[in-house]
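Student: I'm new to this structure and would like a close look at a single part of the sheet. Could you walk me through how its strands fit together?

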Amino acid sequence: DSNGKMDPFAVVDWISSADGSRWEFSRTPTHFSGHMAPQWNHTSRGQSFAKGDRLEVRVWEKDAFSNELCGKVSASVEDLLTAEHLKEVARYPPVPSS
C-alpha cells in the first residue's frame with residue numbers, strides 16, 4: 001500500500017458436510033486503512049445448515065494488482081451458534097437457493 005497500512009476484507013466460504021463442496025457465502029467491503037484492526041459491521045443472509053457444515057473465514061489484503069491472504073480460520077456452524085441462537089434461527093424459514 002502506498003499509505004503503509006493494510007486494506008483488509010474478509011471472505012466467508014460455506015463448506016458442505018454432505019460432499020465437501022464450498023461456495024462463497026459472504027464478502028465484506030474493504031476497510032481501507034483498517035490495517036490490523038478492521039471493522040466491517042457486516043451482516044449476511046440467513047442460511048439453513050446441516051450437521052457438520054463449516055464456515056471458513058479468510059482475511060485478505062487488497063492490493064492494486066493482487067490480493068494477499070493474511071490468515072484464515074474455520075469452525076462448524078453448530079459451534080458458532082449457541083442453543084439460544086438455534087431457537088431464534090429455527091423460527092425463520094430457509095432462504096430459497098437461486
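Tutor: Sure, and keep in mind that this is a predicted model. Let's start with strand β1 (residues 8-15), which pairs with strand β3 (residues 54-61) in the antiparallel sense, over eight bridges. To find your place in that pairing, pick out Val11: the residue that bridges to it from β3 is Arg58.

Right beside it in the sequence is Val12, and there's plenty going on there. Setting aside neighbours within four places in sequence, Val12 is in contact with Trp23, Glu24, Phe25 and Ser26, and also with Leu55, Glu56 and Val57. Val12 also belongs to the largest nonpolar core, a set of five residues that it forms with Trp14, Phe25, Leu55 and Val77. As a general background point, nonpolar side chains in soluble globular proteins tend to be buried together.

Now follow β3 to its other partner. β3 and β4 run antiparallel as well, joined by eight bridges, and a hairpin of six residues links β3 to β4. A handy spot to look at here is Arg54, whose bridge partner in β4 is Ser76.

Ser76 lies in strand β4, which covers residues 68-76. Once residues up to four places away in sequence are left out, Ser76 touches Asp53 and Arg54. Is Ser76 buried or exposed? Its relative accessibility is 9%, so Ser76 counts as buried; the cut-off for that label is under 20%.

To put the part together: β3 pairs with β1, and β3 is also joined to β4.

Note on methods
Residues are numbered from 1 along each chain as its sequence is written. This is a predicted model: local features need pLDDT of at least 70, side-chain atom pairs count only at pLDDT 80 or more; totals for chains, interfaces and linings use all residues. Side-chain values use heavy atoms; hydrogens and water are left out. A nonpolar core is a set of buried Ala, Val, Leu, Ile, Met, Phe, Trp, Tyr and Cys residues joined through side-chain atoms within 4.5 Å. Buried means under 20% relative accessible area, exposed over 50%, partly exposed in between (1.4 Å probe, protein chains only). Contact means heavy atoms within 4.5 Å. Helices (H or I, at least four residues) and strands (E, at least two) are DSSP runs, numbered from the N terminus. Two strands pair if DSSP finds at least two bridges between them.
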